[in-house]
Amino acid sequence: MDYIHPIDELILSEDNVQVNIWVGRRGIITNTHYDTTYNFFVQLQGRKRFTLFQPSDPLYVYPCLHPHYGHSQVDITRPDLNKFPSFRKASVYRAELGPGDMLFVPPFWFHHVETLEESISVNVWSNSPEYSTINEM
């Protein structure tokens with residue numbers, strides 16, 4: 001079985017590119033967060049819904065503790081607008097992906113992902129110049 005390679009060869013290359021495979025059932029939710037890397041996301045089977053918020057709106061999604069922490073305090077499926085009133089001002093973008101669809105998520109875009117049916121996806125993360133700048137701060 002010389003076609004099987006050790007998993008570490010598939011995860012991180014010398015140029016800081018990481019490849020992931022995501023397998024899940026309907027109803028799985030990834031809470032709202034941002035990544036500091038470029039994210040190229042490809043849906044192979046099933047459907048997923050992405051809800052995205054542009055980086056110019058970070059305070060509208062109420063980041064946890066500090067804007068650089070990377071997670072939102074707001075449950076976007078049931079936002080408490082009394083507790084998070086500025087969430088109304090956030091620019092919201094939605095994309096529903098099916099087999100063969102690809103979505104590019106730039107660094108620092110908050111995103112929430114919902115698996116709509118049994119699903120297989122692949123994504124590639126690669127470092128961005130912004131990532132290096134953040135780590136130097």
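This is a short tour of a predicted model, moving from the whole chain to its salt bridges, its largest pocket and a patch on its surface.

**The whole chain**

Begin with the full chain in a cartoon view, where two helices and eight strands can be picked out. Followed from the N terminus, the elements run α-β-β-β-β-β-β-β-β-α, so that a helix stands at either end of the order and the strands come between them. If you colour the 137 residues by accessibility, the buried ones make up 34% of the chain.

**The salt bridges**

Next, select Arg-47, Arg-49, Glu-96 and Glu-114 and show their side chains, since these residues are linked in a network of salt bridges. Side chains of opposite charge can pair when their charged atoms come close. Centre the view on Arg-49, which forms a salt bridge with Glu-114, the closest N and O atoms being 3.1 Å apart. This pair links distant parts of the chain, for Arg-49 lies in strand 4 and Glu-114 in strand 7, 65 residues apart. Arg-49 also forms a salt bridge with Glu-96, and here the closest N and O atoms are 3.8 Å apart. Glu-96 belongs to strand 5 (residues 92–97), and it is 47 residues from Arg-49 in the chain. With the surface switched on, Arg-49 counts as partly exposed at 28% relative accessibility, as does Glu-114 at 24% and Glu-96 at 42%.

Then move to Arg-78 and Asp-75, whose side chains meet in a salt bridge at 3.3 Å, N to O. Arg-78 is exposed, with a relative accessible area of 62%, whereas Asp-75 is partly exposed at 33%. In the whole model the count comes to four salt bridges.

**The largest pocket**

Now select Trp-22, Thr-30, Phe-41, Lys-48 and Val-113, which, of the 17 residues lining the largest pocket, lie nearest its centre. Strands 1 (17–24), 2 (29–33), 3 (37–45), 4 (48–53), 7 (110–115) and 8 (119–127) each give two or more residues to this lining. The space in the pocket is about 270 Å³, and its lining residues divide into seven nonpolar, eight polar and two charged.

**A nonpolar patch**

Finally, turn to the surface and select Phe-40, Met-102 and Phe-104, which make a nonpolar patch of about 280 Å². Phe-104 is found in strand 6 (residues 102–105), and with a relative accessible area of 37% it is partly exposed.

Definitions and conventions
Residues numbered from 1 in each chain as written. Predicted model: local features only at pLDDT ≥ 70, side-chain atom pairs only at ≥ 80, totals over all residues. Heavy atoms only, no water. Patch = residues over 30% accessible without salt bridge, like charges linked within 9 Å, V, L, I, M, F, W, Y side chains within 5 Å. Areas by Shrake-Rupley, 256 points an atom, 1.4 Å probe, with all protein chains shown as cover. Helix = DSSP H or I, 4+ residues; strand = E, 2+ residues; numbered from the N terminus. Buried < 20%, exposed > 50% of the residue type's maximum accessible area, 1.4 Å probe, protein only. 1 Å grid on protein atoms, 1.4 Å probe; cavity = no way out; pocket = protein on both sides within 12 Å on 5 of 7 lines; lining within 4 Å. Points joined across faces, edges and corners; volume = space filled by probe spheres on them. Nonpolar A, V, L, I, M, F, W, Y, C, P; charged D, E, K, R; others polar.
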